[in-house]
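Let's take a walk through a protein fold together. Have a look at the model below, and then we'll go through its parts.

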Amino acid sequence: MTKNILEISHLAKNYQDDTGEVMAIKDINLKIEDGKFIAIVGPSGCGKSTLLSVLANLEKKSGGNINFFKDNFRIGYMLQKDSLFPWLTILDNCLIGLKIKKELTK
């Protein structure tokens, strides 16, 4: 039997702008099993990056629950804007966070 490593229930994220509150994501529910790969797809502006930013703790959620069921669970993703250092290789750009935190085990 496969165990879930991540469960999201009723996740929401709202932003404030000049006109008031904007709902970025609403009532997201998801279970991810250990060893599985998932893809998050959708049109521009549907909340994919917001979801990943909340899961990676780059932004605070407005509501709902996120539960990780694996020790030392980490989420990393490449932002949609080109933020690569041109003097580094693609691999070195991907590993830069681990290098900065002195957690690279290569």
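Of the 106 residues in this protein, 16% are buried. Keep in mind that what you're looking at is a predicted model. Along its principal axes, the C-alpha trace spans about 45 × 45 × 25 Å. There are two helices and three strands here, and starting from the N terminus they come in the order β-β-α-β-α. Now look at contacts between residues with a separation of 6 or more: 52% of them join residues 24 or more positions apart.

Let's begin with the sheet. Its three strands form an open sheet in the order 2-1-3, with antiparallel pairing. Strand 2 and strand 3 are the edge strands, each pairing on one side only. From one strand to the next, the twist averages 20°. In general, strands of a sheet pair through backbone hydrogen bonds, in either a parallel or an antiparallel way. Here, strand 1 and strand 3 are joined in the antiparallel sense by five bridges. If you want a spot to zoom in on, find Glu7, which stands opposite Asn67 in strand 3.

Next up is helix 1, covering residues 48-55. This helix lies across strand 1, strand 2 and strand 3, and it runs at about 115° to strand 1. Which residues of helix 1 are buried? They are Thr50, Leu51, Ser53, Val54 and Leu55, and they pack against strand 1 (4-17), strand 2 (20-33) and strand 3 (63-68). A handy bit of background: an α-helix has 3.6 residues a turn, so residues three or four places apart point the same way. Just after helix 1, Asn57 takes a positive phi of about 65°.

What about the nonpolar side chains? In soluble globular proteins, they tend to be buried together. In this model, the largest nonpolar core has nine residues: Ile5, Leu6, Ile8, Leu11, Ile25, Ile32, Leu51, Val54 and Leu55. Strand 1, strand 2 and helix 1 each give two or more residues to this core, and strand 1 has the largest share with four.

Two members of that core are worth a click. Val54 is in helix 1. Leaving out neighbours within four places in sequence, Val54 is in contact with Leu11, Lys13, Glu59, Lys60, Lys61 and Ile66. Ile32, not counting residues up to four places away in sequence, touches Lys3, Asn4, Ile5, Leu6 and Ile38.

Now for the rings. How many aromatic pairs does a search of the whole structure find? Just one turns up. The ring centres of Phe85 and Trp87 are 5.0 Å apart and their planes are at 40°, so this pair is tilted. Another ring has a charge for company: the charged end of Lys13 sits over the ring of Tyr15, 4.9 Å from its centre.

Here's how Val54 and the two residues of the aromatic pair are classed by accessibility:

| Residue | Relative accessibility | Class |
|---|---|---|
| Val54 | 5% | buried |
| Phe85 | 35% | partly exposed |
| Trp87 | 64% | exposed |

Why does Trp87 count as exposed? Because its relative accessibility is 64%, and the exposed class takes in values over 50%. Val54, at 5%, counts as buried, since that class is for values under 20%. Val54 and Trp87 are 33 residues apart along the chain, and their C-alpha atoms are separated by 30 Å.

Key:
Residues are numbered from 1 along each chain as its sequence is written. This is a predicted model: local features need pLDDT of at least 70, side-chain atom pairs count only at pLDDT 80 or more; totals for chains, interfaces and linings use all residues. Side-chain values use heavy atoms; hydrogens and water are left out. Rings of Phe, Tyr and Trp (its six-membered ring) pair if their centres lie within 6.5 Å; planes under 30 degrees apart count as stacked, over 60 as edge-to-face and the rest as tilted. Buried means under 20% relative accessible area, exposed over 50%, partly exposed in between (1.4 Å probe, protein chains only). A charge sits over a ring if NZ of Lys or CZ of Arg is within 6 Å of the ring centre and within 35 degrees of the ring normal. Contact means heavy atoms within 4.5 Å. Two strands pair if DSSP finds at least two bridges between them. Axes are lines fitted to C-alpha atoms, for helices over the stretch in contact, and angles run from 0 to 180 degrees between N-to-C directions. A nonpolar core is a set of buried Ala, Val, Leu, Ile, Met, Phe, Trp, Tyr and Cys residues joined through side-chain atoms within 4.5 Å.
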